[in-house]
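Here are my notes on the model you sent round. Have the viewer open while you read, since I jump about the chain a bit.

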Amino acid sequence: MAAGIVTTDSTPFRATLEGRPQAVQEIALAVRRLIFDVLPQTVEVVWPAQRSSGYGTGPKKNSEQFAWILAHAAHVALAFPYGAELDDPAGLLGGTGAKVRNVRLSSLDDVAAPALRALLEQSIGHRVPPPPTEATVAD
């Protein structure tokens, strides 16, 4: 398995977006900002080889992360490791896996949806340990 980079700035994340359309890059950056707005203490882990990033209360993918960002050619997927267990009254979550669900984001308006923020807020407290006490991101 490729090693992840625990980071406090956006440089490694931005590198995963290289070659993606400008609109997709903007959506991905907006989702990242939303995550840190919801939880400034978020721990970010970037996997360059997978071109994805994980967000959690610690660096462990399977036990401490509450969301993942994956930028594709036409949209950004915001995946939730335990999305199948989240309350989703707006019906944003897609997927059929036993645990993981994701939201396809195709515009900045999708990122601004209150229901997306609600899913993030809910996921932060679901099956992950408490967050660090200090903010973890520099930009």
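Is Tyr55 buried or exposed? Tyr55 is buried, at a relative accessible area of 0%. Bear in mind throughout that this is a predicted model.

1. **The aromatic pair.** Tyr55 is also half of the one aromatic pair that turns up in a search of the whole structure. Its partner is Phe36, and the arrangement is edge-to-face, with 6.1 Å centre to centre and 85 degrees between the planes. If you want the reasoning behind the label, planes over 60 degrees apart count as edge-to-face, so the pair qualifies. The two rings come from distant parts of the chain: Phe36 sits in helix H2 and Tyr55 in strand E3 (residues 52-56), 19 residues apart. Phe36 is buried too, with a relative accessible area of 9%; the cut-off for that word is under 20%, so Phe36 meets it.

2. **The main core.** The largest nonpolar core has 32 residues, and the ones that touch the most other members are Phe66, Leu78, Phe80 and Leu105. Two or more residues each come from helix H2 (22-38), strand E4 (65-71), strand E5 (76-80), strand E6 (101-105) and helix H4 (114-124). H2 is the top contributor, giving ten residues. There is another core apart from this one, made of five residues, including Val43, Trp47, Trp68 and Ala79.

3. **Leu105 up close.** Which residues does Leu105 contact, once neighbours within four places in sequence are left aside? The list runs to Ile27, Val31, His75, Val76, Leu78, Asp110, Val111 and Leu116. Leu78 is worth a click, as Leu78 and Leu105 are both among the core residues that touch the most other members.

4. **A lysine and two tryptophans.** Have a look at Lys61. The charged end of Lys61 sits over the ring of Trp47, 4.5 Å from the ring centre. That charged end also sits over the ring of Trp68, here 5.4 Å from the centre. Trp47 and Trp68 both belong to the five-residue core mentioned above.

5. **His75 and Ser106.** His75 is in the loop between E4 and E5. At 12% relative accessibility, His75 counts as buried, because the limit for buried is under 20%. Beyond its sequence neighbours within four places, His75 is in contact with Val24, Leu70, Arg104, Leu105 and Ser106. Ser106 itself is placed in the loop between E6 and helix H3 (108-112). With neighbours within four places again set aside, Ser106 contacts Ile27, Ala74 and His75. For Ser106 and Ala74, the C-alpha atoms are 7.0 Å apart in space, with their positions 32 residues apart in sequence.

6. **His72.** His72 lies in the loop between E4 and E5. His72 is partly exposed, with a relative accessible area of 33%. Not counting residues up to four places away in sequence, His72 touches Arg20, Val24 and Ala77. Val24 also appears on the contact list of His75. From the C-alpha of His72 to that of Thr42 the separation is 23 Å, for 30 residues along the chain.

7. **Two positive phi values.** Most residues other than glycine have a negative phi. Arg51 has a positive one, near 55 degrees, and lies in the loop between strand E2 (43-47) and E3. Arg51 counts as partly exposed, at 29% relative accessibility. Arg127 has a positive phi as well, near 65 degrees. Arg127 belongs to the segment after H4 and is exposed, with a relative accessible area of 52%. I'd look at both backbones yourself.

8. **Gln50.** Gln50 is in the loop between E2 and E3. Gln50 is partly exposed, with a relative accessible area of 37%. Gln50 and Gly4 are 46 residues apart in sequence, yet 9.4 Å apart in space, C-alpha to C-alpha.

9. **The cavity.** How many cavities of 30 Å³ or more are there? The count comes to one. The largest cavity holds about 40 Å³ of space. Its lining is Gln65, Phe66, Phe80, Pro81, Tyr82, Gly83, Leu86, Ser123, His126 and Val128. Phe66 and Phe80 also feature among the core residues that touch the most other members.

Definitions and conventions:
Residues are numbered from 1 along each chain as its sequence is written. This is a predicted model: local features need pLDDT of at least 70, side-chain atom pairs count only at pLDDT 80 or more; totals for chains, interfaces and linings use all residues. Side-chain values use heavy atoms; hydrogens and water are left out. A nonpolar core is a set of buried Ala, Val, Leu, Ile, Met, Phe, Trp, Tyr and Cys residues joined through side-chain atoms within 4.5 Å. Buried means under 20% relative accessible area, exposed over 50%, partly exposed in between (1.4 Å probe, protein chains only). Helices (H or I, at least four residues) and strands (E, at least two) are DSSP runs, numbered from the N terminus. Contact means heavy atoms within 4.5 Å. Rings of Phe, Tyr and Trp (its six-membered ring) pair if their centres lie within 6.5 Å; planes under 30 degrees apart count as stacked, over 60 as edge-to-face and the rest as tilted. A charge sits over a ring if NZ of Lys or CZ of Arg is within 6 Å of the ring centre and within 35 degrees of the ring normal. On a 1 Å grid over the protein atoms alone, a cavity is a set of points where a 1.4 Å probe fits but cannot get out, and a pocket is an open set with protein on both sides within 12 Å along at least five of seven lines; lining residues have an atom within 4 Å of a point. Grid points are joined across faces, edges and corners, and a volume is the space filled by probe spheres set on the points.
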